[in-house]
Amino acid sequence: MTGNNTSTPLIALDAVALDTETTGLDARVARIIQIGAVRIRGGRIESDDQFVQLVDPGVPIPPVTTAVHGISDADVAGAPGFAAIADTLAAYLKGAVLVGHTVSYDRAMLEKEYELTGRAWRAPRMLDVRLLARLANPSLPDYSLDKLCAWLGIEIKGRHTAPGDALATAEIFVALVPLLRQRGIRTIAEADRASVTAAEKEALATGGRPVVVNGDTATEVRPLTRIDSFPYRHRVGDIMSAPPLFIPAEVTLHAAMRLLIERKVSSA
C-alpha cells in the first residue's frame, strides 16, 4: 500500500470495505460470527483480495438472528474464535481506510472483540457510505444498503452475509466518488468534515446530542441519549423470526409475556 493521508483523493484511496454479521444488534453484548472484507485500491474493487471468515462466537446464536443472516450454530461449529484470526485481520486492515455502511457499529464490534482477546485496538480512519450518500444525494428518502444499491443500479449478491454486504458497500463507495466530487468533496479530509456535519444534523434531527470524539486517525460524531435506530431503519421482516407468533386479543398481559419468554421472542 502507498498509504493514506488527509489530502489523499477519494479516488486514490487504499481502503477496505468491511461488514460483520453478529449474534444480535446490541454491540455491547453481541459477538461477531462472520467477517467479510474486500480491498479497494485506486478506485477499483480488487475482488480477488478479500477476507472472509466465519467466527465461533463462543455463545449460542439466537434463532431470531439466524433468520436474518442464515448463520446457525452448526455453521460456526469448528470455526476459529476471534482470537485465532485477530492478528490476520489486523494485518489485512493495516493502513487502509475502513469503509462501511453504518460503519460505527462494525467498529464497535471489532473494538470489543479485540479487547476481549487482550489486544489493543487502534481504530483506523473510517468512511460511512450511508453518510456519504446523504451528501451526494440529500433528497433520497432512505439510505439503507438495499435502497442505495437500487438507486445506484448495484445488484447485491448475498444480502445479509458479511462478504455480500461488504462487496455491495465497496461498489456503493466507488459509485459515490464521482458524485461527491461534483459536490466539492474530493479528499479524505473533505469527506471527514462533510460527514461530521451530516452526522451532527442527523443526530439533532432525531433527538440526539452530537459529541465529537477525536481519535488518532479519525473523527467520529456519536449521538448520545437516543435510541438505537437500527430496527426503525429496516423492514420488520429483516429482523423478525418466521413464521410470526400471533396471540389472541383476549390473552392477559401476564400470559402474553410468559409465552414470549417460553418461545424466546425478544420483542413484540
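In the predicted model, R159 has a relative accessible area of 24% and is therefore partly exposed. The side chain of R159 meets that of D146 in a salt bridge, with an N to O distance of 2.9 Å. R159 lies in the loop between helix 6 (145-152) and helix 7 (162-182), whereas D146 belongs to helix 6, so the pair ties together parts that are 13 residues apart in sequence. D146 is likewise assigned to the partly exposed class, because its relative accessible area is 34%.

Salt bridges that share partners also join D14, R41 and E46 into one network. Within this network, the side chains of R41 and E46 meet at 2.8 Å, N to O. R41 has a relative accessible area of 31% and so counts as partly exposed. For E46 the value is 22%, which means that this residue is partly exposed, given that the buried class is limited to residues under 20%.

A further salt bridge links D26 with R28, and the closest N and O atoms of this pair are 2.8 Å apart. The two partners fall into separate accessibility classes. D26 is partly exposed because its relative accessibility is 29%. R28 reaches 70% and therefore counts as exposed, the threshold for that class being over 50%. In total, ten salt bridges were counted in the model. In general, side chains of opposite charge can pair when their charged atoms come close.

The loop between strand 2 (32-41) and strand 3 (44-54) contains G42. With a relative accessibility of 41%, G42 is classed as partly exposed because the value lies between the limits of 20% and 50%. G42 and P9 are 33 residues apart along the chain, and their C-alpha atoms are separated by 9.3 Å. R41, one of the members of the salt-bridge network described above, is the residue at which strand 2 ends, and E46 falls within strand 3.

Two helix pairs were examined for their packing. Two packed helices are described by the angle between their axes and the distance between the axes. Helix 5 (residues 129-136) packs against helix 7 at an angle of about 30°, and the axes of the two helices are 10 Å apart. Helix 5 is therefore roughly parallel to helix 7, since angles under 35 degrees are placed in that class. The crossing of helix 5 and helix 7 is left-handed.

The second pair consists of helix 3 (residues 82-93) and helix 4 (residues 103-116), whose axes come within 10 Å and cross at roughly 120°. This arrangement is classed as oblique, because the angle lies outside the range of 65 to 115 degrees used for roughly perpendicular helices and is not over 145 degrees, the limit for roughly antiparallel ones. Helix 3 passes helix 4 in a left-handed crossing.

On the surface, L245, I247 and V251 form a nonpolar patch, and together these residues have about 180 Å² of accessible area. L245 is located in the loop between helix 9 (236-239) and helix 10 (253-262). The relative accessibility of L245 is 32%, so this residue counts as partly exposed. That value also satisfies the requirement of over 30% relative accessible area for membership of a patch.

Conventions: Residues numbered from 1 in each chain as written. Predicted model: local features only at pLDDT ≥ 70, side-chain atom pairs only at ≥ 80, totals over all residues. Heavy atoms only, no water. Patch = residues over 30% accessible without salt bridge, like charges linked within 9 Å, V, L, I, M, F, W, Y side chains within 5 Å. Areas by Shrake-Rupley, 256 points an atom, 1.4 Å probe, with all protein chains shown as cover. Salt bridge = Lys/Arg side-chain N within 4 Å of Asp/Glu carboxyl O. Helix = DSSP H or I, 4+ residues; strand = E, 2+ residues; numbered from the N terminus. Buried < 20%, exposed > 50% of the residue type's maximum accessible area, 1.4 Å probe, protein only. Axes fitted to C-alpha atoms, helices over the stretch in contact; angles between N-to-C directions. Left-handed = near helix turned anticlockwise from the far one by under 90°.
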